[in-house]
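User: I would like to go through the labels used for this model and see what each one rests on. Please set the values against the cut-offs.

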Amino acid sequence: TMVEGDPGVGKSTILLDIAARLSTGRVMPPQFEAGGGGSAFGTVILTAEDALGATVRPRLEAAGADLGRIRAREFVLDDRNARARPTLDDIEWIRADMRRVDAGLLIVDPMVAFLDLGVNIYNDQQVRQALWPLVELVEEMGVAAVLVRHLAKSRGHGNPLYAGGGSIAGTGAARSVLLVGKDPDDETGERRVIATTKLNIGRIPKSLAFHLDDAESVGRIAWEGESKHTAASLLQTPDAERTATQDAMDFLNGELSGGRRLVTELLQAGAPVGLSAKLLRSARERLGVLNRREGFGPGSKVWWELPAIDAQPRA
């Protein structure tokens, strides 16, 4: 499952609420269709945005978690026995953590923080390859994996399938994609909604509304019931007003970071994530990307290449 949304809408708190319920075998909220209680299972957490002691643990405690069934992986040991940040390539470490707590759930928050530094998040092939070891692991162990992703800077194309930041490969690899956003009809700005963007293992469920209660100064999920909003309608909130050109600029910076690329390849890669040829050409001008042609006539090739580091993009 991929859970997407802007910062601060409650994505991480939702997942910790579910992990807490899973750790004690408690039923899920009544609004969850597949929410019967049963056996308790552990959760393995990879998190890079919330401090474990100051944020993650207090949220789990507020949600009633059995902390003995929760394991957070802060670091791994490299070949020189030195501490290193974990990545999704550290499968043996993750597998050991899962076995230690009899895990039924793995949380990766956010996904991009645990990809190898060499992975270009805008490159479909690289993202799919980076996720493949994790896919094999969770299938082998029968564990649900939930990866968190921020939204792209632009939602100009309006299709929530393309709303997640980076390549659409993450959406393609996931069996389920959920979007969390503020309720556009709530004047207080407190109510949030979680809606389904993609689900290929069953029918699309109703969206659910919730708000965050303060429990000992940390957020705790309070489920409210069904919501009429869809993933598409959640993208129309004022928080989603970003420039499509900036999104295209981020895309080009990522695609061209390894060197020059054929324009035809870039246009093909941009289309699935909602970036039109016109938008990419506009971004190219803003970035000052160099346009190189080889040959003449029908057989010629056109390449784009990032300018020198000291060159500045135009305002």
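Aromatic pairs

Analyst: Tyr-122 counts as buried, at 16% relative accessibility. The model is a predicted one.

User: Why is Tyr-122 called buried?

Analyst: Buried means under 20% relative accessible area. Tyr-122 has 16%, so the label applies. Phe-251 has a relative accessible area of 1% and is therefore buried by that rule too.

User: What makes Tyr-122 and Phe-251 an aromatic pair, and what kind of pair is it?

Analyst: Ring centres must lie within 6.5 Å, and planes over 60 degrees apart count as edge-to-face. The centres of Tyr-122 and Phe-251 are 5.9 Å apart with 90° between the planes, so the pair qualifies and is edge-to-face. Tyr-122 is in the loop between β6 (103–109) and α4 (124–141), while Phe-251 is in helix α7 (residues 244–255). The two residues are 129 apart, and the pair links distant parts of the chain.

User: Why is the pair of Phe-210 and Trp-223 called tilted?

Analyst: Planes under 30 degrees apart are stacked and those over 60 are edge-to-face, with the rest tilted. For Phe-210 and Trp-223 the angle is 55°, so the pair is tilted, and the centre distance is 5.4 Å. Phe-210 belongs to strand β10 (residues 207–215) and Trp-223 to strand β11 (residues 218–227), so the pair ties together parts 13 residues apart in sequence. Phe-210 and Trp-223 are both buried. The count of aromatic pairs is two.

Salt bridges

User: How do you know that Glu-305 and Arg-292 form a salt bridge?

Analyst: The cut-off is 4 Å from a side-chain nitrogen to a carboxyl oxygen. The N to O distance between Glu-305 and Arg-292 is 3.9 Å, so the pair passes. Glu-305 lies in strand β14 (residues 301–305) and Arg-292 in strand β13 (residues 290–294), so the salt bridge ties together parts that are 13 residues apart in sequence. Partly exposed runs from 20% to 50%, so Glu-305 at 31% gets that label. Arg-292, at 41%, is therefore partly exposed as well.

User: What is the accessibility label of each residue in the salt bridge of Arg-191 and Asp-183?

Analyst: Asp-183 has a relative accessible area of 9% and is buried, whereas Arg-191 has 29% and is partly exposed. Their N to O distance is 3.5 Å, so they count as a salt bridge under the 4 Å cut-off. Asp-50 and Arg-59 also meet at 3.5 Å, and Asp-50 is partly exposed at 22%. In total there are 17 salt bridges. Arg-71, Arg-73 and Asp-97 are linked in a network of them.

Sheet and charges over rings

User: What makes β13 and β14 a strand pair?

Analyst: At least two bridges are needed. β13 and β14 are joined by five, so they pair, and they run antiparallel. One of the bridge partners is Val-302 in β14, facing Arg-293. The open sheet has the order β12-β14-β13.

User: Why are β12 and β13 called edge strands?

Analyst: Each of β12 (261–262) and β13 pairs on one side only.

User: How do you know that a charge sits over the ring of Phe-75?

Analyst: The distance limit is 6 Å from the ring centre, with a further limit of 35 degrees from the ring normal. The charged end of Arg-83 is 3.8 Å from the centre of the Phe-75 ring, so the distance part is met. Arg-260 lies over the face of Trp-303, also at 3.8 Å from the ring centre.

Technical notes
Residues are numbered from 1 along each chain as its sequence is written. This is a predicted model: local features need pLDDT of at least 70, side-chain atom pairs count only at pLDDT 80 or more; totals for chains, interfaces and linings use all residues. Side-chain values use heavy atoms; hydrogens and water are left out. Buried means under 20% relative accessible area, exposed over 50%, partly exposed in between (1.4 Å probe, protein chains only). Helices (H or I, at least four residues) and strands (E, at least two) are DSSP runs, numbered from the N terminus. Rings of Phe, Tyr and Trp (its six-membered ring) pair if their centres lie within 6.5 Å; planes under 30 degrees apart count as stacked, over 60 as edge-to-face and the rest as tilted.
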